Amino acid sequence: LQASGTSTGQMPPAVAQYPASAADLALPAAQQRELARTIVHDEAYRGEVAKIMTPIAAFDTDLSTCLSDEVAGAESRQKLMVEALGLAALLLAGALIGVLVLFRRQLGQVIGRYTAALDARDAHDLTFRLVPGGVLETRQLAEAFNHQNEQVAQVVQSITRDAGSLTEASEQLTSVAEGLS
């Protein structure tokens with residue numbers, strides 16, 4: 001840089017502090033530049049660069065290999081997780097369908113059967129009973145209906161007996177009243 005007229009203040013500090021020999025400084029500017037080119041680009045320099053760059057290149061290769069392995073492992077785990085999530089989604093859908101079928105069987109069909117039986121019965125048949133089925137609540141509903149129907153049947157039988165007794169008493173009173181007149 002001195003051969004080009006650059007002052008040491010404008011040079012990078014490492015270059016400005018380099019101790020040039022008196023013989024090198026005595027050379028003409030063109031020879032100084034050629035000497036600088038030779039120093040910077042000679043075989044020894046390239047050897048030093050190779051000594052420095054060989055471990056860096058090996059590290060870079062190792063790092064790239066390690067990174068490639070990690071990426072491949074991550075992609076493999078990602079694929080596995082996507083498949084696991086897909087399987088979980090299918091299992092969840094199957095479980096939901098199973099729950100819906102169970103609800104339909106244990107509630108919907110039983111209530112439908114109760115409704116059909118009630119619609120088809122004779123309104124005057126006091127011996128009609130629902131067959132309990134399904135979940136606890138639907139069985140309790142059928143049993144409550146059957147119990148209520150039994151109570152109504154007992155009340156109707158009692159009223160029928162009382163009506164028969166009243167009819168007999170009325171007939172006796174009528175006959176006594178006719179006898180008195």
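Glu48 is partly exposed, with 42% of its relative area accessible, and in this predicted model its side chain forms a salt bridge with Lys51, the closest N and O atoms being 3.0 Å apart. Lys51 counts as exposed, at 55% relative accessibility. Both residues belong to helix α4, and because they are three residues apart there, about one helical turn separates Glu48 from Lys51.

The structure holds four salt bridges, so let us look at two others. As a reminder, side chains of opposite charge can pair when their charged atoms come close. Also in α4, Arg46 meets Glu43 at 2.9 Å, N to O. These two are again three residues apart, which puts about one helical turn between Arg46 and Glu43. Is Glu43 buried or exposed? At 58% relative accessibility, Glu43 counts as exposed, while Arg46, at 44%, is partly exposed.

Step back to helix α3, and you will find a salt bridge between the side chains of Glu34 and Arg37, at 3.4 Å from N to O. Both residues lie in that helix, three residues apart, or about one turn. Glu34 has a relative accessible area of 43% and is partly exposed; Arg37 falls in the partly exposed class as well, at 46%.

Now for how these two helices meet. Two packed helices are described by the angle between their axes and the distance between the axes. Here the axes of α3 (residues 29–41) and α4 come within 5 Å and cross at roughly 35 degrees. On the α3 side the contact is made by Ile39, Val40 and His41, and on the α4 side by Glu43, Tyr45 and Arg46. Sorted by class, this contact has three nonpolar, one polar and two charged residues.

Further along the chain comes α5, a helix of 45 residues spanning positions 136–180. From first C-alpha to last, α5 reaches 65 Å, close to the 66 Å expected at 1.5 Å a residue. Which residues of α5 are buried? They are Thr138, Ala142, Asn146, Asn149 and Ala153, and what covers them includes α4 (43–120).

One last feature involves α5 too. The count of aromatic pairs comes to one: Phe128 and Phe145 pair edge-to-face, 6.1 Å centre to centre, with 80 degrees between the planes. Phe128 sits in the loop between α4 and α5 and Phe145 in helix α5, so the pair ties together parts that are 17 residues apart in sequence. Phe128 itself is buried, with a relative accessible area of 13%.

How values were computed
Residues are numbered from 1 along each chain as its sequence is written. This is a predicted model: local features need pLDDT of at least 70, side-chain atom pairs count only at pLDDT 80 or more; totals for chains, interfaces and linings use all residues. Side-chain values use heavy atoms; hydrogens and water are left out. Helices (H or I, at least four residues) and strands (E, at least two) are DSSP runs, numbered from the N terminus. The expected span of a helix is 1.5 Å times one less than its number of residues. Buried means under 20% relative accessible area, exposed over 50%, partly exposed in between (1.4 Å probe, protein chains only). Contact means heavy atoms within 4.5 Å. Axes are lines fitted to C-alpha atoms, for helices over the stretch in contact, and angles run from 0 to 180 degrees between N-to-C directions. Ala, Val, Leu, Ile, Met, Phe, Trp, Tyr, Cys and Pro count as nonpolar, Asp, Glu, Lys and Arg as charged, and the others, Gly among them, as polar. Rings of Phe, Tyr and Trp (its six-membered ring) pair if their centres lie within 6.5 Å; planes under 30 degrees apart count as stacked, over 60 as edge-to-face and the rest as tilted.
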